[in-house]
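Colleague: I'm new to this one and would like a quick tour. Please keep it plain.

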There are 4 protein chains.
Amino acid sequence: MPGNSLGRRFRVTTFGESHGPALGVVIDGVPPGIVLDLGHVAADLARRRPGQSAITSPRREADTFEVLSGVFEGKTLGTPLAMLFRNTDVKSADYDNLRDTYRPSHADYTYDARFGLRDHRGGGRASARETVGRVAAGAVARQVLLAQGIEVVAWVAEVAGIGSTVDDTTVGRQDVDANDVRCPDVAAAPAIDAAIRAARAEGDTLGGIVRCTCRGVPPGLGSPVFDKLEADLAKAMLSIPAAKGFESGSGYGGTTMRGSAHNDPFVPGPRGPVTTTNHSGGIQGGISNGMPVNFSVAFKPVATIFSPQSTVNDRGEAVTLKPRGRHDPCVLPRAVPIVEAMACLVLVDHWLERVWRPAG
Amino acid sequence: MPGNSLGRRFRVTTFGESHGPALGVVIDGVPPGIVLDLGHVAADLARRRPGQSAITSPRREADTFEVLSGVFEGKTLGTPLAMLFRNTDVKSADYDNLRDTYRPSHADYTYDARFGLRDHRGGGRASARETVGRVAAGAVARQVLLAQGIEVVAWVAEVAGIGSTVDDTTVGRQDVDANDVRCPDVAAAPAIDAAIRAARAEGDTLGGIVRCTCRGVPPGLGSPVFDKLEADLAKAMLSIPAAKGFESGSGYGGTTMRGSAHNDPFVPGPRGPVTTTNHSGGIQGGISNGMPVNFSVAFKPVATIFSPQSTVNDRGEAVTLKPRGRHDPCVLPRAVPIVEAMACLVLVDHWLERVWRPAG
Amino acid sequence: MPGNSLGRRFRVTTFGESHGPALGVVIDGVPPGIVLDLGHVAADLARRRPGQSAITSPRREADTFEVLSGVFEGKTLGTPLAMLFRNTDVKSADYDNLRDTYRPSHADYTYDARFGLRDHRGGGRASARETVGRVAAGAVARQVLLAQGIEVVAWVAEVAGIGSTVDDTTVGRQDVDANDVRCPDVAAAPAIDAAIRAARAEGDTLGGIVRCTCRGVPPGLGSPVFDKLEADLAKAMLSIPAAKGFESGSGYGGTTMRGSAHNDPFVPGPRGPVTTTNHSGGIQGGISNGMPVNFSVAFKPVATIFSPQSTVNDRGEAVTLKPRGRHDPCVLPRAVPIVEAMACLVLVDHWLERVWRPAG
Amino acid sequence: MPGNSLGRRFRVTTFGESHGPALGVVIDGVPPGIVLDLGHVAADLARRRPGQSAITSPRREADTFEVLSGVFEGKTLGTPLAMLFRNTDVKSADYDNLRDTYRPSHADYTYDARFGLRDHRGGGRASARETVGRVAAGAVARQVLLAQGIEVVAWVAEVAGIGSTVDDTTVGRQDVDANDVRCPDVAAAPAIDAAIRAARAEGDTLGGIVRCTCRGVPPGLGSPVFDKLEADLAKAMLSIPAAKGFESGSGYGGTTMRGSAHNDPFVPGPRGPVTTTNHSGGIQGGISNGMPVNFSVAFKPVATIFSPQSTVNDRGEAVTLKPRGRHDPCVLPRAVPIVEAMACLVLVDHWLERVWRPAG
């Protein structure tokens with residue numbers, strides 16, 4: 001199990017290096033008979049694409065994709081669905097100086113430590129470009145979920161300490177995409193936009209927090225005791241490049257509450273118990289309880305900065321690095337569709353696991 | 001893959017209900033030829049045990065264990081190592097009132113939603129009692145790691161907002177176990193102890209944060225792109241009962257830093273590059289870089305409180321719950337060995353995965 | 001994935017050495033709400049037990065078992081079901097001479113080669129005693145299958161070249177268990193019985209063939225392209241000690257037929273297509289077609305014989321081995337319930353995989 | 001785990017339909033730093049290709065392939081290695097009559113039963129065309145094995161009952177490829193060739209047996225108790241289209257021997273114990289013993305024949321089928337490289353699993 005696959009029932013495998021011939025994704029376990037909307041996939045990919053706005057990386061990927069298998073006459077076959085993404089706008093020469101130099105807080109040194117060699121061009125396998133396959137697979141998962149009434153919405157909640165106020169019970173994609181920042185708080189968004197532009201002007205980078213809500217998740221998704229829904233969400237989110245934290249429900253903030261205030265009282269609802277608060281984030285004992293599944297993901301500031309840095313090369317010598325290449329001053333706006341995709345992958349996996357109904 | 005196993009190379013499966021005949025753990029993938037120190041296992045179990053101090057649950061589990069297989073003449077065989085824990089001090093009648101009632105923020109309703117039935121006694125499979133097998137397995141893993149010079153130390157960093165100051169480069173188990181709270185800050189520990197006693201006196205409960213450091217982790221542990229070291233740590237930690245958050249390295253706090261301050265500069269070290277700061281928490285691109293692996297886990301306040309609560313029963317009717325049974329006012333002191341155990345399980349799994357060396 | 005587990009949805013893990021404290025099995029993925037009949041489990045175990053007749057090993061295992069978890073008030077919980085088998089009638093001293101000697105065609109040398117050490121007593125982990133957990137797990141699986149109208153029947157078809165004629169469309173357990181040999185051909189059974197007694201009298205051993213039919217298997221079980229139903233059956237059968245061959249449907253005999261004779265014509269049936277012949281053994285393209293699933297398993301003669309043998313010890317020296325201990329002159333009669341158990345485990349795994357229905 | 005992946009350490013996933021845009025394979029777990037010889041891959045693919053001789057299907061696949069990832073400057077990166085095979089010479093109109101008709105002994109009906117729909121063109125996912133990815137992956141595995149001195153050779157041992165005599169200790173690829181039949185017995189090959197031509201002239205098809213030997217396999221490969229080397233070989237072989245049987249070592253023939261004759265005596269060898277006979281087929285207790293690993297695979301006669309057949313359509317009506325399309329009168333010659341590829345995949349998986357050495 002060498003690490004490039006995720007999921008048990010809806011199993012996603014990605015492949016490809018940033019500057020190799022192509023990247024791709026294979027999904028094994030797509031339910032058969034789904035009418036696949038490729039426009040939906042393209043729309044999700046467009047949200048992830050660099051060069052989509054003034055505050056993202058200027059790398060221009062068309063992100064055109066080709067479906068290679070698993071679909072016949074518009075419907076999924078139940079066989080592996082493979083999608084291919086050719087690499088086109090690669091400027092590999094930009095990376096020649098990185099062949100023997102380890103960029104700070106990148107994966108250069110650690111890939112060498114793990115494998116004994118690496119493709120240094122554009123981050124190789126560790127590039128955020130790898131997430132293109134995740135987003136495409138997530139878009140397939142999302143179509144399965146939407147047919148079940150499950151909706152996943154993420155947004156930028158905070159950048160560089162600039163917070164926002166968002167009603168997670170109503171926020172939708174149109175609110176999120178109303179500005180380049182993907183922050184649906186109309187007061188916070190311009191402040192964040194300005195902060196990103198200011199950081200970029202200084203050759204620096206910013207981090208922040210994405211929040212996500214999953215509405216319509218039925219009760220009973222999640223498998224004790226290790227494959228808890230929030231455990232699988234945590235893993236999926238921490239597998240995103242630059243992610244350094246995960247909270248489910250009340251998260252770190254909830255640690256300062258008392259149990260009497262934190263507990264979510266049950267009251268009768270139209271289709272089963274509901275809770276009057278949702279500090280649990282829709283998950284109790286690792287299993288969904290029918291309330292919205294809410295969580296957040298922390299992203300560190302982008303490691304590629306535009307000022308000289310002290311580092312070492314692969315011969316162990318101290319050197320000074322002058323970064324080149326094309327990067328985002330802040331990954332948060334483009335992280336939103338990635339967080340959504342990973343959430344869709346985890347939810348569809350658990351939904352497929354759950355479909356079997358008790359005998360009694 | 002129904003959820004009760006963790007790990008790929010050092011694969012742990014736990015079984016058992018809180019008030020059933022027994023709990024247990026099977027480890028498949030223990031390296032052969034290890035001289036197993038059962039006293040070490042017993043010592044780790046003693047730290048997890050309820051009734052160990054004035055601020056933990058009065059349930060008295062001897063936590064005696066029996067090794068059923070996988071060991072011959074004191075050495076591991078490379079075959080599955082099974083350990084058994086009999087349930088003894090069970091007071092199942094304490095739980096009769098829970099047969100049809102869903103406790104708020106417990107797993108009662110969600111287990112019913114998942115499986116259509118549940119063992120309501122003592123939380124059944126969702127009980128924190130299940131972690132006994134994790135701690136025992138972690139103690140086996142720890143022995144493998146210690147032989148490689150890898151040391152794992154966790155402690156209570158915060159309870160109910162009461163923080164602490166701990167030097168994570170030097171803190172050891174004797175510091176942690178110097179007080180009942182397992183907080184090595186001698187100023188904070190008494191304050192936390194008092195807060196826990198106060199909460200208990202009011203029938204209420206507290207949450208908090210455990211921090212953990214793993215020293216001596218060699219560079220190169222972790223598998224891109226999904227089985228990243230911090231992704232697997234996140235999953236392992238979020239699979240612990242009551243865990244609601246995970247941070248790797250700088251975590252949420254790091255989101256407010258700029259890249260130029262957050263990046264960890266490399267400098268030449270005696271056995272390869274080292275970094276002068278460790279915001280990365282010892283992991284870059286999902287792979288260890290040789291610096292200490294640092295992370296934290298957030299625990300919500302215990303859901304069992306001693307005041308009446310509004311809830312519903314399994315017929316959908318509103319009822320009032322008066323909890324009984326025996327529980328901790330704060331899980332943090334006992335969570336320390338569990339966090340360590342889960343860290344050991346993840347690290348040994350990745351260490352075994354890594355042992356294969358490149359051909360060149 | 002270190003080798004002691006089988007199945008994806010109904011996942012069985014066995015543990016234990018022949019002369020260690022105990023053996024056991026953990027099943028993760030048992031459907032919840034099944035009324036478990038422990039008498040059914042005991043009955044299957046009794047068929048596997050040594051000492052059950054004049055032609056089996058005299059080792060006397062009571063094979064009493066204890067259910068440790070996963071069952072509450074007689075019903076399965078959907079949580080891991082663990083069963084324990086204590087080792088009692090062990091005569092470990094019988095094996096002292098094997099501590100450093102490799103028995104021919106046993107697993108002594110290969111376990112040393114794999115692990116660097118072994119438990120030499122009674123075959124250790126490689127003992128046929130390990131199958132006790134398989135049979136118990138198979139009995140749980142069989143109850144799930146019987147509720148779906150799926151019936152699994154195996155029998156001894158051939159021993160030492162003495163064949164039999166059995167109508168696989170009607171043969172039932174009562175026919176199989178009508179004699180000690182478990183061969184339902186009343187002419188062949190006495191001949192086989194005599195052959196086994198004659199071999200035992202000479203201190204020698206015999207091999208043979210078990211056939212198995214699975215009736216009532218619905219169409220659609222099996223997953224292309226690697227997890228084909230017959231591929232998983234082949235793996236399960238070749239994992240039984242002493243198994244050296246597997247045939248599905250016409251098997252080796254079918255290789256001499258022409259396609260025009262081997263093809264199974266479809267004709268309309270009451271609940272979908274049926275075939276007028278069944279050379280396919282109920283499986284086409286790796287997926288069941290609704291006809292009985294038929295296969296055979298070849299077992300080599302038992303390796304423990306009672307005459308001196310030339311071999312080597314763990315220092316590489318040539319030595320002469322005089323075997324002691326208690327063994328069967330022919331494993332075939334006791335292999336019948338093991339083959340059935342493994343078939344049940346594979347079928348229930350694929351049945352659980354299949355339950356999800358196409359959307360259209 | 002939906003069925004299109006094989007292996008735990010060297011994990012192969014194939015995708016693609018026979019008449020879709022492309023087929024492909026992703027290998028996760030290729031050791032890093034291997035100098036990959038693409039000519040070696042092409043050579044293995046050429047042996048599998050239809051149209052290679054007068055006695056195979058006339059479908060002309062160039063089987064040109066593209067490496068999409070996992071290789072940099074000629075060396076493997078340790079990241080997923082993906083290979084793509086475009087479908088070119090597809091004559092889908094040949095299959096229009098199969099849209100609603102179930103060919104006897106094909107996978108048409110069973111795919112419908114499994115998935116509710118299928119791609120009827122050229123067998124869709126169930127086509128032997130799928131094996132192109134297996135052979136390519138096997139060629140990568142073979143390069144890893146050859147560097148360890150492990151050599152895998154298969155040949156046609158029997159067709160339509162016409163047997164052969166081959167010295168499995170010396171036979172090499174040049175012997176096998178000396179004739180179109182791939183039978184290294186110079187007397188048997190012409191007879192088999194004639195039989196295949198005669199069957200084709202009559203519109204009929206033949207089956208047969210492939211044998212395979214793996215030399216240089218070190219002792220200690222294979223994992224008790226379910227992932228035995230021969231269990232994994234059995235699964236891999238039975239996953240090949242048209243395979244219906246598997247024998248390890250003496251197999252079915254060995255069932256008529258007595259233990260005293262079947263046991264393989266150990267004698268001291270230059271690098272450990274060797275056996276004077278090899279009825280075990282190089283595997284004892286599921287683990288390799290250092291002797292050649294020998295096995296056979298039975299293939300049924302090809303299901304596509306050129307005479308009218310009675311069958312049913314997807315509305316359950318009896319119809320008469322007149323097959324069209326392009327097929328082999330006998331798959332055996334082209335099965336040889338597929339059997340070798342599957343053997344290489346299993347061996348490399350176990351070799352990688354084994355590399356970790358005991359501590360003591």
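Modeller: First, some vocabulary: helices (H or I, at least four residues) and strands (E, at least two) are DSSP runs, numbered from the N terminus. This is a predicted model, where local features need pLDDT of at least 70 and side-chain atom pairs count only at pLDDT 80 or more, while totals for chains, interfaces and linings use all residues. Residues are numbered from 1 along each chain as its sequence is written, chains are lettered from A and ligands numbered from 1 in the order written, and side-chain values use heavy atoms, leaving out hydrogens and water.

Colleague: OK, chain A then. How many helices and strands does chain A have?

Modeller: There are eight helices and 17 strands in chain A. Its C-alpha trace spans about 65 × 50 × 35 Å along the principal axes.

Colleague: And how much of chain A is buried?

Modeller: Of its 360 residues, 68% count as buried. Buried here is under 20% relative accessible area, exposed is over 50%, and partly exposed is in between (1.4 Å probe, protein chains only).

Colleague: What about contacts in chain A between residues at least 6 apart in sequence?

Modeller: In chain A, 71% of those contacts join residues at least 24 apart. A contact means heavy atoms within 4.5 Å.

Colleague: Switching topic: how can chain B be laid on chain C?

Modeller: A turn of 180° with a shift of 0.0 Å along the axis puts chain B on chain C, at an RMSD of 0.0 Å. The two copies are therefore related as by a two-fold rotation axis. The same surface serves both copies, as 100% of the contact residues of chain B recur in chain C. The fit is by least squares on C-alpha atoms of residues with pLDDT of at least 70 in both copies.

Colleague: And how about laying chain D on chain C?

Modeller: For chain D on chain C, the turn is 180°, the shift along the axis 0.0 Å and the RMSD 0.0 Å. Those copies meet through the same surface, because 100% of the interface residues of chain D are also interface residues in chain C.

Colleague: Now for backbone oddities. Which peptide bond in chain B is cis?

Modeller: The bond from P224(B) to V225(B) is cis, with omega near -5°. V225(B) sits in the loop between strand 9 (208–215) and helix 6 (229–238) of chain B. Chain C has a cis bond joining P224(C) and V225(C), with omega about -5°, and V225(C) is in the loop between strand 9 (208–215) and helix 6 (229–238) of chain C. In general, most peptide bonds are trans, and most residues other than glycine have a negative phi.

Colleague: What is phi for A242(B)?

Modeller: Near 75°, a positive value in a residue other than glycine. A242(B) is in the loop between helix 6 and strand 10 (243–248) of chain B, and is partly exposed at 24% relative accessible area.

Colleague: And R182(D), buried or exposed?

Modeller: R182(D) counts as buried, at 6% relative accessibility. Its phi is positive too, near 65°, and it lies in the loop between helix 4 (173–176) and helix 5 (188–201) of chain D.

Colleague: Staying in chain D, why is helix 6 called largely enclosed by the rest of the structure?

Modeller: Because 10 of the 10 residues of helix 6 (residues 229–238) of chain D are buried. Among them are L229(D), E230(D), D232(D), K235(D) and L238(D).

Colleague: Where is T165(D)?

Modeller: In the loop between strand 8 (151–159) and helix 4 of chain D. T165(D) is exposed, at 66% relative accessibility. Between T165(D) and V35(D) there are 37 Å in space, C-alpha to C-alpha, and the two are 130 residues apart in sequence.

Colleague: Last one: what is R334(C) in contact with, leaving aside neighbours within four places in sequence?

Modeller: The contacts of R334(C) include R47(C), R48(C), R49(C), P50(C) and Q52(C). T56(C), S57(C), R182(C) and D328(C) are also on that list for R334(C). R334(C) is part of helix 8 (residues 332–354) of chain C and is buried, with a relative accessible area of 10%.
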